[in-house]
Amino acid sequence: AVVSSRVRGTWFENVLTKINEERDKWPWLVVYQHRPIYNSNKIHGNWTGKNTDQYSGPPDLPPFKGWKDHYETLLLKHKVDFVLNGHVHHYERTWPVRNRTEVQKSYENVEHPIHITCGHGGQSLYKYFNKTTKEDSYNETVPEFVSARSNVVWGHCELAVH
C-alpha cells in the first residue's frame, strides 16, 4: 500500500510543501499523475475501480491500496491548481472538484483542483484492445464533475493560462 506516511507519500508532501513556501514564485501548482482519479470512461475505472454506478469495465483492475485515500487530500491541502493525467485514451476536463461530489461549476475563484485527462493521442486504440468502438467508451450518464469530454477525435493538449 502507498500511504502518505511512506516514502512516496512523504516525498510528494515535502515537494508540495516546499513549493507552497514560495508560492509567490510559483503561482500555479500543476501535478502530473498517470492514472486519473476523475474519469467517466467505462473502459477504465478510476482509483476506486469504478466511475459511477454504471461502470462496466474489466474486473481485473489493479488494487490501489492506500494512495487513493491520501492523494486527493494532499492535492487539496496544498492547493494544487491542475492535475494532468494520461492513461485513458480520451480528453476529459473536470470542473473544480473535491471528493467527487463537491463540484464548482465555474472556473472563477477556483478552490479545488481541475483534473485534465489528455490521452486522446491514442483514442483509436480501444477498438483493438477492448473490441469496442471509440464512440461507446463513455458512461451514458455524465458525472456531475465533468465539464468537457471527447473520445471521437485524435488530439493533444496545450495549456495556456491567462
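Which residue in strand 7 is the bridge partner of Thr-94? In this predicted model, that partner is Val-146. The pairing belongs to a wider contact, since strand 3 and strand 7 (residues 146-150) run antiparallel and are joined by four bridges.

Strand 3 (residues 91-94) also pairs with strand 6, again in the antiparallel sense, through three bridges. Here Tyr-91 sits opposite Cys-118 of strand 6. Strand 6, covering residues 114-118, has a parallel pairing as well: four bridges tie strand 6 to strand 2. One spot to look for is Asn-85, whose bridge partner in strand 6 is Thr-117. Strand 2 (residues 82-85) is in turn matched with strand 1, also parallel and also over four bridges. Val-31 and Val-83 of strand 2 face each other in the pairing. Following these contacts, a reader can walk from strand 1 to strand 2, from strand 2 to strand 6, from strand 6 to strand 3 and on from strand 3 to strand 7.

Strand 1 itself takes in residues 30-33, and Val-30 is part of this strand. Val-30 turns up again at the surface, where Val-30, Trp-28, Leu-159 and Val-161 make a nonpolar patch of about 360 Å². Val-30 has a relative accessibility of 40%, so this residue counts as partly exposed.

Helix 1 is a good place to go next. Its 15 residues should span 21 Å at 1.5 Å a residue, and the C-alpha atoms at its ends are 21 Å apart, so the two values agree. The buried residues of helix 1 are Gly-9, Phe-12, Glu-13 and Leu-16. Looking down the helix axis, these buried residues fall within an arc of 95°, which means that they line one face of the helix. Turned away from that buried side is a face carrying the exposed residues Val-7, Trp-11, Lys-18 and Glu-21.

Glu-13, on the buried side of helix 1, also has a charged partner. Its side chain meets that of Lys-77 in a salt bridge, with 2.6 Å from N to O. The two residues are 64 apart in the chain, and the contact links distant parts of it: Glu-13 lies in helix 1 (residues 7-21) and Lys-77 in helix 2 (residues 67-77). Are the two ends of this bridge buried or exposed? Glu-13 has 18% relative accessibility; buried means under 20%, so Glu-13 counts as buried. Lys-77, in contrast, is exposed, because its relative accessible area is 54% and the cut-off for exposed is over 50%.

How many salt bridges does the count come to? The total is five, and two others can be described here. Glu-22 pairs with Lys-25, and their closest N and O atoms are 2.8 Å apart. Glu-22 is partly exposed at a relative accessible area of 35%, whereas Lys-25 is exposed at 54%. Arg-98 and Glu-102 form another salt bridge, with 3.7 Å between the closest N and O atoms. In this pair, Arg-98 counts as partly exposed at 32% relative accessibility, and Glu-102 counts as partly exposed at 37%.

Technical notes. Residues numbered from 1 in each chain as written. Predicted model: local features only at pLDDT ≥ 70, side-chain atom pairs only at ≥ 80, totals over all residues. Heavy atoms only, no water. Patch = residues over 30% accessible without salt bridge, like charges linked within 9 Å, V, L, I, M, F, W, Y side chains within 5 Å. Areas by Shrake-Rupley, 256 points an atom, 1.4 Å probe, with all protein chains shown as cover. Salt bridge = Lys/Arg side-chain N within 4 Å of Asp/Glu carboxyl O. Buried < 20%, exposed > 50% of the residue type's maximum accessible area, 1.4 Å probe, protein only. Pairing = 2+ DSSP bridges. Expected span 1.5 Å × (residues − 1). Arc of directions from axis to C-beta.
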